[in-house]
Amino acid sequence: MAKLDFDLPKLGPNLEIPVLQPDAMLGDGPFVAKPDHQDKLGFPGELVDDWQQVAIDKMGELLGKYRSFKVYLDSCVKCGACTDKCHYFLGTGDPKNMPVARQDLLRSVYRRYFTFAGKHFPKLVGARDLTEDVLDEWYNYFHQCSQCRRCSVFCPYGIDTAEISMAARDIMDAVGKGQKYCNEIIGKVHKIGNNLGLPEPALIDTLEGLEEDIKDDTGIDVKLPVDVQGAEVMLVTPSADFFAEPHIDGLIGYAKVFHQAGISWTISSYASEAANFGMFIGNYENMRKVSQRIRTAALELGVKRIVFGECGHAWRVAYSFLNTLAGPFDFLDSRYPVPQHICELTNDLIGRGALNLDPSANDDKVVTFHDSCNVARASRMGDMPGGQFEIPRAVIRASVNRFVDMADETIRDRTFCCGGGGGLLTDDLLELRAKGAMPRVQALQQVVDDHGVTHMAAICAICKSQFSKVLPMYGLPMDMIVSVHQLVGDAIQLGTKD
Amino acid sequence: MSVTSILFALAFYVATAVLVFGLLHRIVDYARTPAPLKIPTTPAPTTRSGVVVRMAEEVLLFRSLFRSNKWIWLFGFAFHAALAVVLARHLRYFTEPVWLPVQLIQPFGIYAGLAMVGALAMLWLRRLAVSRVRYISAPSDHLWLLLLILIGASGLAMKFVAHTDIVAVKAFFLGLLVFDWQPLPTDPLLLLHLTLVLALMIAFPFSKLLHAPGVFFSPSRNQADDPRERRHLAPWAAELENR
């Protein structure tokens, strides 16, 4: 592996709160979007002339549209509860990665232009003018937040830095300073239907190849159908599932589940993406436009149910926002939740005895589970609060014999982000990603040492890609990260229920 | 009637108006601003009554803060609980006859006052000593603690150092309530205490003390987790559907 041009934080026996290292992550931020990327999303191509005024106007607009934004900017008392909760702070020591300090980059401007105290006594309350330096600082540090909401769990007022960073990115897009990675991808979804820009023929070709692989492996004809009219289920899954490792093994797992349960299903080539980066950039219109593709596809294919594959932020958008953005879904079968998570579906099937799983097929593994942030803190599965923790674990336990959880304070709603969420899964932010992964890797290393854990399962495409990249930097094997449905797929005994 | 009494009487009317209307303005503003998306921090209650329980745990017990940091919780909770007792105890200056519950808590008031000042001092010490918290502190964050400590200390000083004529003080405030102005004693400690309280009342609606109403409007805490069951649509978002 190539030598890193930065120092990784050391993994200790315990997670230490770092000493403040001001400006440790000072920089220009990720690559800036080109005019072409901006145009497709309805944003100005480059920094507009009167950008300060446009930014302040946009901030005013968002203050009127989002109660969260307004209340969170007003309510912080600087108690310090969040200061040691962000994985990017823990991994970098940069004080501007403390959630409250990150919020203050924007709150200081809010106070200057929108509050009595900030207008008349700026020094007293830490208010400041919106200058080009401030904009650059926003661009850098609001792209060091993965919108994972860990800070909001611990805030006495529930202040969610994700809401602030989304608003900041929306404001920056409005003045013409967008992020290349997110905006280029959203453009591809608008045009083609998925983050990869994978057109229908290529998608069909890829899935046919997978069908052959499964046939070679198992001798069974397991189908991965595309655009099948009248199928029972439309599967919406992150496009990474079509080509990336270990994602693809998860997709094979879903296919095997549908196959054994005898559920007719299809992927849509029009809505061939579960991810919705519109959320990352905090832009309601783009997020809505991406979501609408799913509604359109479901109507055109005449399906009865919508099921989402393993993807963290996609599940947040699907579970929490899809009904708002693209509902109502009264044309679907109301006996099933709309939308449904693949883990909910598999868990129900396991409960009904519809799947024949042999966990001993995974006896070469000792598995732990990484709660993905958006699933853990911004969604639910099943009927009970906390189902998002129990259901994936139940699916894993049905598929493997040896399962171990990581330390309590690093799982469930206190889970650590993988370090690559929120639109940061790009190589121009590799140093940030590597350092931000430290708290999770530290907890993982502990169960590797104490319990011989060999694999970490996840239900998020970003987590899987991120860990594949950063685990080797910490001396752990790249293929340690697996899809939950890879475990299911390996345990499922095809041909025994048909 | 001295000039001082008249000035303080007028100041209390102004400060009360600023506090009440300032807060009302803010609360109405929060209430009118839509929350377009369902963003409860999960796991979250799935029903409205569940949300009431969650909010009560936050407001009365500071549950999230407890999970976050035991020291901040201890000092923060001690301060707020003590402040509540102290404020309740002060109702005796505004009621005649004094309500029974207010009578019953009188013996605890002084201990609460001491606890309040002690907790504030510890919060300030923490703000100064922990580099992370010092980093995020603006001058106003220090001044608020100073103001609250001075209010508490000047109040306690009237108990332990130099008494004022509290019968006259009570007459002054009861008079204010019915627009029948009475003279206010002019002991320096009393005037200091009241001046600082006036400053707090006036600054409240323009400051981080807005966390008091703000917490009730925090979507991550006050929303029920039911987006699949109920379609949630803000008015401005509904307009997008008609385009």
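Begin by selecting A:P246, which is placed in the loop between β1 and α13 of chain A. The model on the screen is a predicted one. Display the backbone on either side of this proline: the peptide bond that leads from A:E245 to A:P246 is cis, and its omega is near 5 degrees.

**The strands around β1 of chain A**

Next, select residues 233-236 of chain A, which form strand β1. Show the side chains. A:V233 and A:L235 point one way from the strand, while A:M234 and A:V236 point the other way. All four of these residues are buried.

Now add residues 265-267 of chain A, which form strand β2. The strands β1(A) and β2(A) run parallel and are joined by three bridges. To find one of the paired positions, select A:V233 together with A:W265, its bridge partner in β2(A).

Add helix α13, residues 247-261 of chain A, to the selection. Together, β1(A), α13 and β2(A) make up a β-α-β unit, and this unit is right-handed.

Then select strand β3, residues 305-308 of chain A. Which sense does its pairing with β1(A) have? The pairing is parallel, and it extends over four bridges. Within this pair, A:V236 of β1(A) stands opposite A:F308 in β3(A).

**A positive phi in chain A**

Move to A:D227, located in the loop between α12 (200-218) and β1 of chain A. This residue is not a glycine, yet its phi is positive, near 50 degrees. Is A:D227 buried or exposed, or does it fall in between? There are 18 other C-beta atoms within 10 Å of it, so A:D227 is partly exposed; a buried residue would need 20 or more.

**The two domains of chain A**

Colour residues 35-178 of chain A as domain 1 and residues 187-491 as domain 2, following the domain assignment. The centres of the two domains, taken over C-alpha atoms, are separated by 30 Å. Where the domains meet, 22 residues of domain 1 are in contact with 24 residues of domain 2.

To view the domain 1 side of this contact, select α1 (35-40), α4 (87-92), α9 (150-154) and α10 (161-175) of chain A, the elements that each give two or more residues to it. Colouring this side by class shows eight nonpolar, eight polar and six charged residues.

**Where chain A touches chain B**

Display both chains. How many residues of chain A are in contact with chain B? The contact involves 58 residues of chain A and 55 residues of chain B. On the chain A side, select helix α3, residues 67-75, which provides the largest share with six residues. By class, the chain A side has 28 nonpolar, 16 polar and 14 charged residues.

**Two loops of chain B**

Select B:P43, in the loop between α1 (3-32) and α2 (48-61) of chain B. The peptide bond from B:T42 to B:P43 is cis, with omega near 0 degrees.

The final stop is B:F62, in the loop between α2 and α3 (63-68) of chain B. B:F62 is not a glycine, but its phi is positive, at about 55 degrees. Why does B:F62 count as buried? It is buried because 22 other C-beta atoms lie within 10 Å, and the cut-off is 20 or more.

Definitions and conventions. Residues are numbered from 1 along each chain as its sequence is written. Chains are lettered from A and ligands numbered from 1 in the order in which they are written. This is a predicted model: local features need pLDDT of at least 70, side-chain atom pairs count only at pLDDT 80 or more; totals for chains, interfaces and linings use all residues. A residue is buried if 20 or more other C-beta atoms lie within 10 Å of its own, exposed if 12 or fewer, and partly exposed in between; C-beta atoms are placed from the backbone. Two strands pair if DSSP finds at least two bridges between them. A crossover is right-handed if, with the strands pointing away from the viewer, the path from the first strand over the helix to the second runs clockwise. Domain bounds come from an automatic or database domain assignment. Two residues are in contact if their C-beta atoms, placed from the backbone, lie within 7 Å. Ala, Val, Leu, Ile, Met, Phe, Trp, Tyr, Cys and Pro count as nonpolar, Asp, Glu, Lys and Arg as charged, and the others, Gly among them, as polar.
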